[in-house]
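Q: Could we go through this model together? I have some short questions about it.

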Amino acid sequence: MAKRDYYEVLGVDKNASEDDIKKAYRRIAIKYHPDRNPGDKDAEEKFKEAAEAYDVLHDPQKRQRYDQFGFEGLGGAGGFGGFGGGGFSMDDIFTMFGDVFGGRGGFGGFSGFGGFGGGRQAPQHRGSDLRLKVRMSLQEVSTGVTKKFKVRKDITCSHCHGTGSEDGKTDSCPTCHGSGVVTRTTQSLFGTMQTQSVCPNCQGEGRIIRNKCRECGGSGVVKGEEVVEIKIPAGVAEGMVVNVPGKGNAAIHNGVNGDIQVFIEEEPNETFIRDGNNVLYNLLLDFPTAALGGDVEIPTIEGKKVKIGIEPGTQPGKTLRLRGKGLPQVQGYGNTTGDLVVNISVYVPKTLSREERKMMEELRESDNFKGDKQTKESIFDKFRNYFN
């Protein structure tokens, strides 16, 4: 199975801060912690996958190599040198990243490996993420844009304010007696062993709702709509994903909202062709201007026209470069802006009047219009380089 992008695994942007990465990892690790998913191999693999992603992205040097060269920059095996393939145990993960959870293996009580956690806390539920597609024009890509969407999603119940209780009261869970975990004792050749798992009755909360809210049925969320404003930065490209934290589905019992992942699509442009951060424009000159030179106006992605000078004797295939007139680097990485690259071609009319044909025939006899060997070799080189 192919590796997933580490930023995708943790659900963060490529410009996420170290604190954002740490929070995202902790959230995912809690969700797929083996104590909460006993015997679930899929959850175990996702737990390991998140740890591998965190190992790379929280380390500045590993993260820089990964951003620049992908998995190949890490030796092709990820941050753990094959961790995802089973080279590390669960206990290795807790040893390496115990500080993320406030103690070795402890997710605020989800210890499960001999009780290494701290004091028990109610689990933090998280709402699911939503996905949207947005089509952007080249002009919107150039400047960035804020778009509004009416989104159907889970929202916090206004009747019970997300508690799930009709009267606001909860009782201690009779199964776990408020601890949120149940303990099982087994006998083996090595003596008595105890294992802990999340209470199946209260899902680790330690509290149960007797009088459930009549609007949401005790979940604390209902179906609804919300108008969401999403700010998309300048410089984004087709296939990029902009993550909007906290605007996804609401979580049960006032947990953490999910995110909205916005997938970028680019609308075709009739005037320009995008090449990374550069913008290409094909300038079609008439023959007299190419031969005599002069000033011509060309469009820019800002919508304004600028004048450029055409030198006498300008050849088809020549390119002019307007520095800084292209697209900005997304999120200002490198603080650079691409160029507007102008490719020059020369228009040759398909039909000529009698007077025009006479002038062309006279010019054809002139040696100056036949081109020398050097000019022909230059054209051939351009032609060959084009196909190379």
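The exchange below takes up cysteines, a helix, a sheet and a loop.

Q: What kind of model is this, and what are the ground rules?
A: This is a predicted model, in which local features need pLDDT of at least 70, side-chain atom pairs count only at pLDDT 80 or more, and totals for chains, interfaces and linings use all residues. Residues are numbered from 1 along each chain as its sequence is written, and side-chain values use heavy atoms, with hydrogens and water left out.

Q: How many disulfides does a search of the whole structure find?
A: The search finds zero, a disulfide being a pair of cysteine sulfur atoms within 2.5 Å.

Q: Why does Cys173 have no bond to Cys176?
A: Because the sulfur of Cys173 is 3.7 Å from that of Cys176, its closest cysteine sulfur, which is too far for a bond.

Q: And is Cys173 buried or exposed?
A: Cys173 is buried, at 1% relative accessibility. Buried means under 20% relative accessible area, exposed over 50%, and partly exposed in between, with a 1.4 Å probe and protein chains only.

Q: What about Cys202?
A: Its closest cysteine sulfur is in Cys176, at 3.7 Å, again too far for a bond. Cys202 is buried, with a relative accessible area of 4%.

Q: Changing topic, how far does helix H3 reach?
A: H3 covers residues 41-57, 17 residues in total, and reaches 24 Å from its first C-alpha to its last. That is close to the 24 Å expected at 1.5 Å a residue, where the expected span is 1.5 Å times one less than the number of residues. Helices (H or I, at least four residues) and strands (E, at least two) are DSSP runs, numbered from the N terminus.

Q: Which residues of H3 are buried?
A: Among them are Ala43, Phe47, Lys48, Tyr54 and Leu57.

Q: Now the open sheet: what is its strand order?
A: The order of its four strands is E10-E11-E15-E14, with mixed pairing. Strands E10 (273-275) and E14 (319-322) stand at the edges, each with a single partner strand, so one side of each is left without a neighbour in the sheet.

Q: How do E11 and E15 pair?
A: Strand E11 (residues 278-286) and strand E15 (residues 340-347) pair in the parallel sense over eight bridges; two strands pair if DSSP finds at least two bridges between them. Leu280 stands opposite Val341 in E15.

Q: Last one: where is Gly235?
A: Gly235 lies in the loop between strand E7 (221-232) and strand E8 (241-244), and is buried at 3% relative accessibility. Its C-alpha is separated by 5.9 Å from that of Leu327, 92 residues apart along the chain.
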